[in-house]
Amino acid sequence: MPPRRIVILTGAGVSAESGVPTFRGPDGLWEGHRVEDVATPQAFRRDPVLVQRFYDARRAALAAVQPNAAHRALARLDALWPGELLLVTQNVDDLHDRAGSARMLHMHGELKSAWCTACDRRHPWEGGLLDAPPCPACGLAGHLRPDIVWFGEMPYHMDRIEAALLAADLFVSIGTSGNVYPAAGFVDLARHAGARCIELNLDPSMTSGRFHDSRLGPAGALVPQLVDELLG
Ligand code: OAD
């Protein structure tokens with residue numbers, strides 16, 4: 001029977017062909033920094049200037065990149081798939097959004113969002129945060145931080161994601177190394193609930209052995225191929 005309920009997880013590999021660097025390059029650094037120096041609440045407390053400058057640069061860099069064939073294929077699937085579909089991305093870039101995916105959740109937050117820790121509101125954000133701009137809602141300056149889920153913080157939308165995984169009959173993981181939980185455990189949840197599980201990745205991931213089907217290659221080629229298979 002063809003699948004009706006699909007959950008798709010994407011990671012940094014889906015944006016690699018757009019020119020967005022992945023997190024775990026050969027040197028183990030993310031754009032020249034150790035992850036613990038820029039992606040933890042402790043790092044932000046210790047050196048807010050470094051962390052704000054780092055994310056300001058990542059946000060500004062989005063202007064120079066475009067969605068690739070993988071993002072576009074997933075948006076096509078979203079538009080044409082008659083059953084249930086949820087795209088869960090670990091990526092903080094906006095390339096799925098720009099490609100047109102609508103049934104989508106950012107589980108690790110978004111570069112183009114700022115979170116006011118004074119009034120707990122979130123705002124669409126295009127510019128920088130280093131200069132401590134005031135919160136558009138409460139007016140207090142110096143309390144906006146990147147709306148990014150750092151290590152040790154709870155990913156967003158977990159209730160909706162888990163419900164979708166438990167109901168899925170197809171789970172597809174694309175371009176993620178399987179190093180970071182809870183996302184790396186989604187395959188176990190979906191598989192246990194009876195879903196067929198397919199992985200598309202450039203190299204074998206930490207979790208490849210848990211999938212029914214693991215296809216190796218660039219997302220820009222493998223994702224359009226899978227979408228064509230699904231849409232018949
Ligand atoms: P990683 O950098 O850990 O892994 C990227 C994966 O994509 C690797 O397995 C690569 O082999 C694969 N890859 C690279 N180029 C590809 C291509 N063209 N096509 C297909 N696959 C390709 O990134 P994530 O697994 O997304 O968290 O990292 C997960 C989380 O760790 C991130 O969301 C971030 C990070 O710390 C937070 O910021 C909270």
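**Exercises: loops, fold and ligand**

Asp120 sits in the loop between strand S4 (109-116) and strand S5 (122-124). Strands here are DSSP runs of E with at least two residues, helices are runs of H or I with at least four, and numbering starts at the N terminus. This is a predicted model in which local features need pLDDT of at least 70, side-chain atom pairs count only at pLDDT 80 or more, and totals for chains, interfaces and linings use all residues. Residues are numbered from 1 along each chain as its sequence is written, and side-chain values use heavy atoms, without hydrogens and water.

**Exercise 1.** Find the unusual backbone angles in the loops.

*Solution.*
- Step 1: Start with Asp120. Its phi is near 65°, positive in a residue other than glycine.
- Step 2: Move to the loop between S5 and strand S6 (144-148), where Ala132 lies. Ala132 is not a glycine either, and its phi is positive, about 55°.
- Step 3: Go on to the loop between strand S7 (170-174) and helix H8 (186-192), which holds Pro182. The peptide bond from Tyr181 to Pro182 is cis, with omega about 10°.

**Exercise 2.** Describe the overall fold of the protein chain.

*Solution.*
- Step 1: Count the elements. The chain has nine helices and nine strands.
- Step 2: Check the radius of gyration (over C-alpha atoms) against the globule rule (2.2 Å times the number of residues to the power 0.38). The radius is 18 Å, close to the 17 Å given for 232 residues, so the chain is as compact as a globular protein of that length.
- Step 3: Box the C-alpha atoms along the principal axes. The box is roughly 55 × 40 × 30 Å.

**Exercise 3.** Work out what surrounds and holds the ligand.

*Solution.*
- Step 1: List the shell (a heavy atom within 4 Å). It has 22 residues, and the closest are Ala12, Arg24, Thr176, Ser177 and Asp203.
- Step 2: Look for polar contacts (N or O pairs within 3.5 Å). A polar side-chain atom of Glu17 lies 2.8 Å from a ligand nitrogen. Asn201 brings a polar side-chain atom to 2.9 Å from a ligand oxygen. Leu202 uses a backbone N or O atom, 3.2 Å from a ligand nitrogen.
- Step 3: Find the buried share (Shrake-Rupley areas, 1.4 Å probe). Alone, the ligand exposes 800 Å², and the protein buries 93% of that.

Technical notes: A polar contact is a pair of N or O atoms within 3.5 Å; within protein, one must be able to donate a hydrogen and the other to accept it, and residues adjacent in sequence count only if both atoms are side-chain atoms. Accessible areas come from the Shrake-Rupley method with a 1.4 Å probe; for residues, only the protein chains shown count as cover.
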